[in-house]
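Welcome! Here is a set of short exercises to work through with the structure beside you. Try each task yourself before reading its solution.

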Amino acid sequence: MSEDNDIFINLATPDQQVANSSKSLNKLSGGRWKDRRKLRMLMDNRPKTSKRGANDEGMDGTLGRNEKRIKRQEASDHQGNSNKPTAKQIDKTLAQNKKANIPKVDDQIVSSLFTSNREITTAENTNKHDKDAEVIASNAPLATNTFSDLGIQELLLSHLSSKMVIEKPTSIQKLVIPHLSSLKNDNDLFIHAQTGSGKTLGYLLPILSTILNMKTHVDRKSGAFALIIAPTRELASQIYDVATNLTNCCRYLVPCLLIGGERKKSEKARLRKGCNFIVGTPGRVLDHLQNTQAIKEQMGSSLRYVILDEGDKLMELGFEETLRNIFEIVHNIPIDTKTFPKLPSRIIHVLCSATLKENVKQLGSVTLKNYKLISNSQKIGKTNDDSVVAAVPDQLRQNITIVPPKLRLVTLAAILNNITVKHTKDSDGTYRTMVFLSCADSVDFHFEAFSSADSFHRDIVEGAVRILTKGCTTLPCFKEDEDPNVIFYKLHGSLSQQTRSATLRHFASKKDDTKGKHLILFCTDVASRGLDLPHVGTVIELDPPFNVEDHLHRIGRTARAGRTGESILFLMPGEEEGYMDVIKPFHKKGWTLLKFDKDILMPAFSNTNVGRSDMKERKKKDIDLEWDTNATTWHLNVERRILEDSDFKEVASKGYSSHIRAYTTHIAPEKAIFNVKFIHLGHLAKSFGLRERPKTMGIQTSKQQKEIGESKKSKEGNKNKMWRIARMTAKDTASEFNY
Ligand SMILES: Nc1ncnc2c1ncn2[C@@H]1O[C@H](COP(=O)(O)OP(=O)(O)OP(=O)(O)O)[C@@H](O)[C@H]1O
């Protein structure tokens, strides 16, 4: 199939064909969208009073609006075409609009959100969630076992129960703790378990317990017993926090954190003072091993455990060489078995991963000797590249919504609105929502779109954490005279380490300024791995994940350690609907298909009155409680901001362009599902508040074309040009999008 053929797949829909039969329709531009709509309806022979269908080609003919419209159409057809406007009438209406001095908006066609959308083909949910079935949380602590049964040292037992409120082990801890605590088992370990099943305590507890059980005097000068390496700074910091929490019961043992973005000098000073657990990212750990003498001295007599957390991600991010170098140095440090005879006589390697992929096996062959695989084999599914991935926790409620590209932003607003209404109005509990996006620029756009519509917000962490204040109306449930109770956050790899850390700290905090609020974090996949943020209630995947593992890790930020949680995956109509077959094996408990209009937009935009941002006070006659009108007004407010604010327009254009480029990086086996050629790019631009695709994406001015001497390429369509540019840049920038 040619590229052109592919591209046109999503352009023609039955409604459009009808609409396009009237040539002059395409010429409608300028004036108010309502006037153009009226005119368009007149030309379609629709009665004046008719409302737009929720989704003219929507799922199951949703809401019956489409049906009603067709009936009206049939009735008027029956009466003959006497109502059909003549070309003269159309010209007259346009002239009247002109005469009335109706402002033109950039001379662009402001398309409606609810028309010309691609048909949703999924009529039936083939993996339906059974609401009445009994669900046992699969990553919860076990009722019948205790840490004492597993031989955990007494000091630690009382600390776990009194200070950390952890009483019973999870299933993976039950398997790992005895193995790592016993001197008889000196084979390496491969820990493979569901998200949120407590892997961190699974390896930290037995190591600390073994050290305390030695009954030998130990302090920070005794040396480093364990080296723990994680792929991201956030995850390394989190493991460090857990280690610090645990060692609060024996403060003479000290953990140390080595991550990029922090001052190396102070890390060196800490290493010189002595530490017993080194936690870090691969690059920084290697840097110290090569340049800081103190770290090697720390490891001389004591190092017995090397842990690689999120092994598959370490390999995916290209750390193999760095890890090889780390191991070469570490293995060359001679072990003194006499000082601590009750520790293993060799270094035990532990590899943690929720995925058993070829690259992890490769890492295993570099690092593990005679390893034992510890996993919960009943909860495993296979991906299309034959990797084995732990399935979704049973108690996680998955939802999927198929949303046309034009409606993605407003549907997201509606979901955030509905969660805010449900969880913050009558509760003082904090509710956390994470929204996953494909790239940093898209995170920036969504953060700005929701948090800085007007002056009603206050920065808490400069440019990355914003609390909304009285008067803000970015979500339909906000009332001008009430505090919105919402804080927005953003997190991606282009922010400084200080900002990233401060943002996560605030998002995770349980203090007064977050109490009773809805905390909403827009983030890239930098937040998908291993992060254990307290009580994340909902995970929204606005952009589809780049592979199944990422999907499972993203949604794994909720429903952790037996708690409940829900996630919502956005897919676009058409090829993307096929993604449900890809993730089906991992969702043993099924999912619920949400209709974007009936289940999401209607509850958010009914019985409210979204005011136009360009009108201070609304006249009574303008008040329209129809949900679709409110949704359209909300979207037009965003579009208007973009037209008026050139900085915001740039953020939106960058967000859109990077989003498209990121989209082209979907893995080869999923290209039949996620292919930029299938997307209606103009409609997608709308979800970034843009009324047309940014020119820089694929349209070169004639001057630019001359400059680069590419006159031949002028024959190339805009869409193909953009696709070509995207393909060219995708290769170089792939990693930038995920992190
Ligand atoms: N035995 C337990 N009882 C109750 N809570 C626990 C227990 N063990 C761990 N937890 C809690 O469970 C949460 C998840 O733990 P952890 O981050 O180690 O999971 P994980 O398996 O590493 O998840 P991921 O694969 O997503 O990284 C943490 O908040 C932790 O405090």
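## Exercise 1: The parallel sheet

Task: Find how strand 1 is joined to strand 6, and place the two in their sheet.

Solution:
- Start with the pair itself: strand 1 (residues 189–192) and strand 6 (residues 348–352) run parallel and are joined by three bridges. Keep in mind that this is a predicted model.
- Pick out one bridge: Ile 191 has Cys 352 of strand 6 as its partner.
- Now widen the view: the open sheet has seven strands with parallel pairing, in the order 3-4-2-5-6-1-8.
- Look at the edges: strand 3 (255–258) and strand 8 (372–375) each have a single partner strand, so one side of each has no neighbour in the sheet.
- Add the twist, which averages 15 degrees from one strand to the next.

## Exercise 2: Helices on that sheet

Task: Which strands does helix 7 touch, and which does helix 9 lie across?

Solution:
- Helix 7 (residues 171–181) packs on the sheet and touches strand 1, strand 5 (305–308), strand 6 and strand 8. The direction of helix 7 makes about 150 degrees with that of strand 8.
- Helix 9 (residues 233–246) lies across strand 2 (226–229), strand 3 and strand 4 (277–280). Relative to strand 3, helix 9 runs at about 170 degrees.

## Exercise 3: A stretch from the record

Task: Take residues 145–174 and compare the UniProt entry with the shape of the model.

Solution:
- From the record: the unreviewed UniProt entry lists "short sequence motif: Q motif" at residues 145–174. It also gives "domain: DEAD-box RNA helicase Q" for residues 145–174.
- From the model: the span is 43% helix and 0% strand, and its end C-alpha atoms lie 8 Å apart.

## Exercise 4: Around the ligand

Task: Which residues come nearest to the ligand, and how much of its area does the protein bury?

Solution:
- Begin with the shell of 21 residues, where Lys 168, Gln 173, Lys 199, Thr 200 and Asp 532 come nearest.
- See what helix 8 (residues 199–213) supplies: three residues, the largest share of the shell.
- Next, follow oxygen atoms of the ligand. One is 2.9 Å from a polar backbone atom of Gly 196.
- Side chains take part too: an N or O atom of Arg 557 is 2.9 Å from a ligand oxygen, and for Glu 310 the distance is 3.4 Å.
- Finish with the area: the ligand taken alone exposes 640 Å², and the protein buries 87% of that.

## Exercise 5: The mixed sheet

Task: Trace the sheet that holds strand 13 and strand 14, then find the helices packed on it.

Solution:
- First, the hairpin: strand 13 (residues 457–461) and strand 14 (residues 465–468) pair in the antiparallel sense over four bridges. His 457 stands opposite Leu 468.
- Three residues lie between these strands, and in this hairpin Gly 463 has a positive phi near 70 degrees.
- Then the whole sheet: nine strands form an open sheet with mixed pairing, in the order 13-14-15-16-12-17-18-11-19. Strand 13 and strand 19 (591–594) are the edge strands, each pairing on one side only. The twist averages 20 degrees from one strand to the next.
- Within this sheet, strand 17 (residues 536–541) runs parallel to strand 18 (residues 565–571) and is joined to it by four bridges. Ile 540 has Ile 568 as its bridge partner.
- Last, the helices: helix 18 (residues 497–508) packs on the sheet, touching strands including strand 13 and strand 14, and makes about 145 degrees with strand 15 (486–491). Helix 19 (residues 548–555) also packs on the sheet, at about 150 degrees to strand 17.

How values were computed: Residues are numbered from 1 along each chain as its sequence is written. This is a predicted model: local features need pLDDT of at least 70, side-chain atom pairs count only at pLDDT 80 or more; totals for chains, interfaces and linings use all residues. Side-chain values use heavy atoms; hydrogens and water are left out. Two strands pair if DSSP finds at least two bridges between them. Axes are lines fitted to C-alpha atoms, for helices over the stretch in contact, and angles run from 0 to 180 degrees between N-to-C directions. Contact means heavy atoms within 4.5 Å. UniProt positions are given in the numbering used here, feature names are shortened, and annotations may be inferred rather than shown by experiment. A residue is near a molecule or strand if one of its heavy atoms lies within 4 Å of it. A polar contact is a pair of N or O atoms within 3.5 Å; within protein, one must be able to donate a hydrogen and the other to accept it, and residues adjacent in sequence count only if both atoms are side-chain atoms. Accessible areas come from the Shrake-Rupley method with a 1.4 Å probe; for residues, only the protein chains shown count as cover.
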